[in-house]
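Here are my notes on this one, in the order I jotted them down. Have the model open while you read.

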Amino acid sequence: MNRELLQPSLKNGEIRVTKSYDIDRFFYLGFFGGVLPVMILGTRNAIWLRCSKQMIAILLGVSLLLCTLKLGYVAWTGAESVALISRIMGVALAAIYRYAQRKRYKLHSVINGEDKPIFAWGLLAVVAGIIFDSWLVTMGKGIHDVFDQG
């Protein structure tokens with residue numbers, strides 16, 4: 001008989017408590033702020049929930065791909081506003097982040113992990129997302145104007 005199997009799995013009785021935002025709130029971030037707030041706070045939440053590094057890299061890659069697609073859309077069409085596209089992409093990214101973190105979040109809820117309020121950081125991230133979207137529109141319009149007139 002292997003005595004190692006009978007040893008306690010927790011060292012010194014300590015439990016590694018996680019902290020997390022409520023992952024259902026990511027939809028609000030995506031709707032009001034676009035891709036950037038979901039990317040920032042969703043990645044922070046994934047780190048807090050101890051998701052794998054590969055999963056975090058995939059989530060960041062999808063986020064950056066959506067930002068690139070948004071810039072490409074504005075550069076291609078010369079659109080003045082991307083508010084609707086930004087909201088659709090933000091909500092879609094929120095759904096992806098929520099889906100990727102749902103099992104870890106359920107485990108976090110079962111072990112009574114600490115839930116952090118998202119409002120203050122969310123508001124700051126939404127403002128940063130709006131500024132980022134206007135910067136993307138400005139850059140895209142500049143690219144469109146260069147290639148359209150040349």
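1. Let me start with a cysteine. Cys51 counts as buried because its relative accessibility is 12%; buried here means under 20% relative accessible area, exposed over 50% and partly exposed in between, with a 1.4 Å probe and protein chains only. Cys67 is buried too, at a relative accessible area of 8%. How many disulfides does the count come to? Zero, where a disulfide is a pair of cysteine sulfur atoms within 2.5 Å.

2. Some ground rules. This is a predicted model, in which local features need pLDDT of at least 70 and side-chain atom pairs count only at pLDDT 80 or more, while totals for chains, interfaces and linings use all residues. Residues are numbered from 1 along each chain as its sequence is written, and side-chain values use heavy atoms, with hydrogens and water left out.

3. The overall layout. The protein chain has five helices and two strands, in the order β-α-α-α-α-β-α from the N terminus. Helices (H or I, at least four residues) and strands (E, at least two) are DSSP runs, numbered from the N terminus. Of the chain's 150 residues, 36% count as buried. Among contacts with a separation of 6 or more, 83% join residues 24 or more positions apart; contact means heavy atoms within 4.5 Å.

4. Helix 2 is where I would look next. It covers residues 35-48, 14 in number, and reaches 20 Å from its first C-alpha to its last, close to the expected 20 Å. That expected span is 1.5 Å times one less than the number of residues. Is helix 2 enclosed or open? It is largely enclosed by the rest of the structure, because 11 of its 14 residues are buried. Those buried residues include Leu36, Pro37, Leu41 and Trp48. Packed against the buried set are strand 1 (19-20), helix 1 (26-33), helix 3 (53-77), helix 4 (83-110) and helix 5 (119-149).

5. The pairing of helix 2 with helix 4 deserves its own point. Their axes are 8 Å apart and the packing angle is about 10 degrees. Axes are lines fitted to C-alpha atoms, for helices over the stretch in contact, and angles run from 0 to 180 degrees between N-to-C directions. The two helices are therefore roughly parallel (under 35 degrees; over 145 is roughly antiparallel, 65 to 115 roughly perpendicular and the rest oblique). Helix 2 brings Val35, Val38, Met39, Gly42, Thr43, Asn45 and Ala46 to the contact, and helix 4 brings Ser86, Met89, Gly90, Leu93, Ala94, Tyr97 and Gln101. By class, that gives eight nonpolar, six polar and no charged residues. Ala, Val, Leu, Ile, Met, Phe, Trp, Tyr, Cys and Pro count as nonpolar, Asp, Glu, Lys and Arg as charged, and the others, Gly among them, as polar.

6. Check the backbone at Arg50. This residue has a positive phi of about 60 degrees although it is not a glycine. Most residues other than glycine have a negative phi. Arg50 sits in the loop between helix 2 and helix 3, and its relative accessible area of 32% makes it partly exposed.

7. On to helix 5. Its 31 residues should span 45 Å at 1.5 Å a residue, and the end C-alpha atoms are 44 Å apart, which agrees. The buried residues of helix 5 include Gly122, Ala125, Val126, Gly129 and Lys141, and what covers the buried set includes helix 1, helix 2, helix 3 and helix 4.

8. Two residues of helix 5 merit a closer look. Asp133 is found in this helix and is buried, with a relative accessible area of 10%. Leaving out residues up to four places away in sequence, Asp133 touches Gly33, Lys70 and Ser86. His144 also lies in helix 5 and counts as buried at 16% relative accessibility. With the same neighbours left out, His144 touches Val74, Ala75, Trp76, Thr77 and Gly78.

9. Finally, a pair of long-range approaches. Met55, in helix 3, is partly exposed at 29% relative accessible area. Its C-alpha is 7.7 Å from that of Ala100, 45 residues apart in sequence. Pro117 is in the loop between strand 2 (114-115) and helix 5, and counts as exposed at 66% relative accessibility. The C-alpha atoms of Pro117 and Ser20 are separated by 8.7 Å, with their positions 97 residues apart along the chain.
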